[in-house]
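Work through the exercises below with the sequence and the model side by side, and try each task before reading its solution.

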Amino acid sequence: MAFFLFLKRGEKVIKAGQLQFNYIIIVGDIICLSYIFLASGEATDDLCMTRPIIVSLGFTMTFVAMALKAWRIDNIFNNAILMKSKPLKEFLMYWLIAVVLDALLFLIYGIVNPIKRQVNFEEETFGPVSHVECVAGSDSFTVMIVAYKVAIAGFGAMYAWKTRNISKQFSEAKPLFLVIYNTMLIGTIGCGLVLSGQLATDAGYIVECLFIFIGTTANIVMLILPRVLKALGIIAKGEADQTILQAAMTHVKSMKRPANSVSPVTADGLTVSGYNPNKPHLTQ
């Protein structure tokens, strides 16, 4: 999928998907999917610590990218004067900070009180049977990491909700809304089942892998695949498949403004007040 994005990166419909974030989402999903291979086999101390790090890092990379996509759409479309909106590199910096913070939390967790392998014995009909599981070294760190994920999810949900109805001008908004809420729903159900303690160790890993696969696949199928198919000419393009800057200009022109106000759109219908086409502030 990343190959096709790169191959068709000059297409307007690919640019409209905020290409840099789509690359990040694909990499984050690949990292999450690698958990499926790590979940097989008997757990060791190293695997017990590596598994949650992989899932956490992949989730943060992917979800923060989607949340910042929604925030950027809101930031651009809700600024009548485009020069007031934040540049793309600033959003990418926010993404980097979120990922580094996630990595630091797990680094401290691994040093102070890491997750370790534990062997439990249960009495069965034919004698004791051993079960290997990973046990959290510190509940406080677990709560801290979960709280961080909830904060990220809440941030993304807020901006996805705010931008869900911009789809008439920009086709990215509605799929982004659906993907963010779908990810939250799948994550909540999957974590709830695993943390409930009602599943056996092996069954818990199967549920985790299943929900990770469904969540990551949904991200690609709903958010990125349609744009690739449109760029390849398999699906017809629509009027809303324009770059975010073009869509924002269309949005500004369609805004209802008071009669005594000065319109940000000049007579040619293209130039927004304060926007210098020779020195664009926004990356399409």
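**Exercise 1.** Find the residue with which Asp 74 forms a salt bridge, and place both partners in the fold.

*Solution.* Asp 74 pairs with Lys 162, and their closest N and O atoms lie 3.5 Å apart, which fits the definition of a salt bridge as a side-chain nitrogen of Lys or Arg within 4 Å of a carboxyl oxygen of Asp or Glu. Distant parts of the chain are linked here, since Asp 74 belongs to helix H4 (residues 45-77) and Lys 162 to helix H6 (residues 139-162), 88 residues apart. Helices (H or I, at least four residues) and strands (E, at least two) are DSSP runs, numbered from the N terminus.

The model is predicted, so local features need pLDDT of at least 70 and side-chain atom pairs count only at pLDDT 80 or more, while totals for chains, interfaces and linings use all residues. Residues are numbered from 1 along each chain as its sequence is written, and side-chain values use heavy atoms, with hydrogens and water left out.

**Exercise 2.** Decide whether Asp 74 is buried or exposed.

*Solution.* Asp 74 has a relative accessible area of 8% and is therefore buried, given that buried means under 20%, exposed over 50% and partly exposed in between (1.4 Å probe, protein chains only). Lys 162, at 45%, counts as partly exposed.

**Exercise 3.** Describe the salt bridge that Lys 149 forms.

*Solution.* The partner of Lys 149 is Asp 102, with the closest N and O atoms 2.2 Å apart. This pair also links distant parts of the chain, with Lys 149 in helix H6 and Asp 102 in helix H5 (residues 88-112), 47 residues apart. Both Lys 149 and Asp 102 are buried.
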